[in-house]
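Good morning, colleagues. I would like to take a few minutes to go through the contacts between side chains in the model shown here.

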Amino acid sequence: MKKFKFRQEAALKYRAHLEHLAKLKVAKVQADLARSENQIAIYKDNFSQSAKHLAKRAQTGLDAYHYHMHTAYLQGIENSIQAETQNKQQLFNILRQRQQELARKMTDKKAIEKLKERKRAEYNEMVRRTEQKELDDLTAMKQAGRKTG
């Protein structure tokens, strides 16, 4: 009897490839999101340290020019935090989209895998029935040979 061959094996491999690509896209966005969160933490730490430094310098006396420079620097850090927070939100939205896309790709692949499993089960059942029929035929031939001989 012929070996089981799934006719849509190429489609299954293609769907598996698409799923793999979708997983890579999700992983890339997750890495970008982690980098963004790390950058926000760095900005917040810089802001905190600079604000403490400004407070110390203000206590010991600070001229208007240097005070203005420090506050402008702090404002720049705040702007960077806001920009990175917006970037993080965009990355989060992209991540959700990519995860939905990945879920669709996984569902597509799973549907073909289930079809393959069903076809394999049908093939195995047909093989089992064919073998059983051959055994039954052999048994019948042996019994017929004993009766005539």
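Let me begin with a term: a salt bridge here is a side-chain nitrogen of Lys or Arg within 4 Å of a carboxyl oxygen of Asp or Glu. Please keep in mind that this is a predicted model. With that definition, Glu125 and Arg128 qualify, since their side chains meet with N and O 2.5 Å apart. The two residues sit three positions apart in helix 2, so about one helical turn separates them. Glu125 is partly exposed, at a relative accessible area of 30%, and Arg128 is likewise partly exposed, at 45%.

How many salt bridges does the rule give in total? The count comes to twelve.

I turn next to a group of charged residues that share partners. Salt bridges join Glu19, Lys23, Lys109 and Glu113 into one network. Within helix 1, Glu19 meets Lys23 at 3.4 Å, N to O. These two are four residues apart in the helix, which means a separation of about one helical turn. Their surroundings are as follows: Glu19 is buried, with a relative accessible area of 6%, while Lys23 is partly exposed, at 42%.

Glu19 also forms a salt bridge with Lys109, and here the closest N and O atoms are 2.9 Å apart. Because Glu19 belongs to helix 1 and Lys109 to helix 2, this pair ties together parts that lie 90 residues apart in sequence. Lys109, at 19% relative accessibility, counts as buried.

Now to helix 1 itself. It has 52 residues and spans 77 Å from its first C-alpha to its last, close to the 76 Å expected at 1.5 Å a residue. Its buried residues include Leu12, Leu18, Ala22, Val26 and Val29, and the charged residues Glu19 and Asp32 are also among them. Just after this helix, Gly61 takes a positive phi of about 105°.

Finally, the aromatic rings. The structure holds one aromatic pair. Why is that pair classed as tilted? The ring centres of Phe4 and Tyr123 are 5.5 Å apart and the planes meet at 50°, so the pair falls in the tilted class. Phe4 lies in the segment before helix 1 and Tyr123 in helix 2, so the pair links distant parts of the chain, 119 residues apart. Both rings belong to buried residues: Phe4 has a relative accessible area of 17%, and Tyr123 has 19% relative accessibility.

Technical notes:
Residues are numbered from 1 along each chain as its sequence is written. This is a predicted model: local features need pLDDT of at least 70, side-chain atom pairs count only at pLDDT 80 or more; totals for chains, interfaces and linings use all residues. Side-chain values use heavy atoms; hydrogens and water are left out. Rings of Phe, Tyr and Trp (its six-membered ring) pair if their centres lie within 6.5 Å; planes under 30 degrees apart count as stacked, over 60 as edge-to-face and the rest as tilted. Buried means under 20% relative accessible area, exposed over 50%, partly exposed in between (1.4 Å probe, protein chains only). The expected span of a helix is 1.5 Å times one less than its number of residues.
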